[in-house]
Amino acid sequence: MTISPQAFTFVRELVRAESAIVLEPGKEYLVESRLVPLAREAGHPDVDAYVADLSTRRSQAALMKVVEALTTNETSWFRDSDPYTTLRKEVLPLLAKTRPNRELRVWAAACSSGQEPYSIVMTALDTPELAGWKTDVIATDLSEEMLERGRRGEYSQLEVNRGMPATTLVRHFERSGLNWRINQSIKDRVQFRQLNLTRPFPPMGKFDVVFLRNVLIYFDLPTKQDILRRVRQVMAPDGHLFLGAAEMTMGVDDAWERVPAGRSSVYRIREEQRTCVPW
Amino acid sequence: MRALVVDDSRAMRRIVGRILGDAGFEVLEAADGQEALDLLAGPGDVPELACVDWNMPVMDGLTFITEVRRHPEWRAITLMMVTTESESDQIVRALAAGAHEYLIKPFTGEAMLEKLDLLGLLPTSTGV
């Protein structure tokens with residue numbers, strides 16, 4: 001994924017004019033990642049084509065969508081809340097019954113600046129069935145800049161306001177100047193690694209839970225199919241996959257079955273597919 | 001649903017009131033804790049939510065929250081402190097006094113809606 005300098009300049013000028021927010025050079029990744037879903041929605045193969053179309057048609061509504069996508073930039077903690085409720089109330093208690101070694105491995109596959117993997121660890125800590133268990137989270141992202149932010153584990157006031165219960169904040173964070181720093185005991189449970197989902201995965205072992213939320217939307221159908229197939233290969237046979245609310249496996253990779261859980265859904269590898277998963 | 005916004009800043013009451021209004025609340029306003037207590041004691045339904053600033057003249061938000069919690073007839077009110085006070089021990093004090101949530105200024109509209117969602121006060125909420 002690379003955005004052309006011309007497209008970046010157009011978006012940068014647009015955002016500066018409309019919101020006074022300056023996208024410094026080096027923010028190409030941000031622009032690209034925020035605009036890919038809009039490009040796909042509008043039927044364009046990539047961001048450059050989308051921006052070229054925007055710059056010629058100049059539809060005010062479409063331009064405002066771009067500005068909005070680039071200016072609401074805080075990721076929420078416990079994003080959408082339902083998946084974390086499902087994780088705590090249904091998935092983790094179920095897995096706790098079938099793991100005699102009292103260890104769980106979770107993969108946060110597009111972890112951005114770390115809110116997702118840390119939310120997973122805090123959810124595991126709040127699950128009574130996992131008291132005394134070892135829960136490790138591998139957090140991956142394409143952007144080294146995002147990974148570094150995650151490793152630092154330090155968040156602004158605006159960032160901790162997003163979706164974090166006050167009790168969770170005072171329990172797991174401490175003030176660090178104007179920011180809040182997540183406790184070392186939580187940090188120690190998350191390992192941040194660079195990974196490109198479109199390439200073969202490095203050896204990572206098997207996962208009991210995979211969060212692949214709001215990321216498939218960035219890819220075309222063959223790439224989605226390839227990613228979901230390879231996720232099956234790193235998933236424990238009875239593992240659980242979480243996707244974004246607008247994403248599904250149906251019609252993409254039917255080796256997965258959707259299991260309604262609480263107010264959301266999780267995906268599991270179909271029984272008949274579990275035996276032939278290559279490793 | 002009804003929401004009471006307690007803040008000595010008219011601008012802040014307007015901002016919070018607009019967010020809550022857009023979320024479907026009927027919004028009441030008070031400029032300090034005492035005015036808010038008087039409003040609660042007066043005629044009319046008890047609001048489901050009160051968003052309360054900490055530092056106000058006459059009666060501050062912490063005292064207001066403590067007072068509300070002393071009245072069983074106001075037990076159903078969900079209390080959220082909305083303040084610039086941002087130290088851990090202040091958050092702990094507010095929660096101990098009876099606040100259900102705590103939102104630190106400045107905040108975005110989404111942040112406030114996410115807090116309301118945590119509290120189960122949006123039509124789509126499940127709570128956490």
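Q: Let's start with one residue of this predicted model: is B:D53 buried or exposed?
A: A residue is called buried if 20 or more other C-beta atoms lie within 10 Å of its own. B:D53 has 25 C-beta neighbours inside 10 Å, so B:D53 counts as buried.

Q: Where in chain B does B:D53 sit, and which residues does B:D53 touch?
A: Look in the loop between strand 3 (49–52) and helix 3 (61–69) of chain B. Leaving out residues up to four places away in sequence, the residues that B:D53 touches are B:V6, B:D7, B:D8, B:M12, B:G61, B:V82 and B:T83.

Q: What does UniProt list for B:D53?
A: An unreviewed UniProt entry lists "modified residue: 4-aspartylphosphate" for B:D53.

Q: Which pattern does chain B follow along the sequence?
A: Going along the sequence, you meet β-α-β-α-β-α-β-α-β-α. Chain B has five strands and five helices.

Q: How does the radius of gyration of chain B agree with a compact globule?
A: A compact globule with 128 residues would have a radius near 14 Å, and chain B agrees because its value is 13 Å. Buried residues account for 39% of the 128 residues in chain B.

Q: How many residues does each chain bring to the contact?
A: Chain A brings 20 residues and chain B brings 19. On the chain B side, helix 4 (88–97), strand 5 (101–104) and helix 5 (109–118) each give two or more residues. Helix 5 of chain B gives the largest share, five residues. By type, this side of chain B has ten nonpolar, four polar and five charged residues.

How values were computed
Residues are numbered from 1 along each chain as its sequence is written. Chains are lettered from A and ligands numbered from 1 in the order in which they are written. This is a predicted model: local features need pLDDT of at least 70, side-chain atom pairs count only at pLDDT 80 or more; totals for chains, interfaces and linings use all residues. Two residues are in contact if their C-beta atoms, placed from the backbone, lie within 7 Å. Helices (H or I, at least four residues) and strands (E, at least two) are DSSP runs, numbered from the N terminus. Ala, Val, Leu, Ile, Met, Phe, Trp, Tyr, Cys and Pro count as nonpolar, Asp, Glu, Lys and Arg as charged, and the others, Gly among them, as polar. UniProt positions are given in the numbering used here, feature names are shortened, and annotations may be inferred rather than shown by experiment. A residue is buried if 20 or more other C-beta atoms lie within 10 Å of its own, exposed if 12 or fewer, and partly exposed in between; C-beta atoms are placed from the backbone. The radius of gyration is taken over C-alpha atoms; the globule rule is 2.2 Å times the number of residues to the power 0.38.
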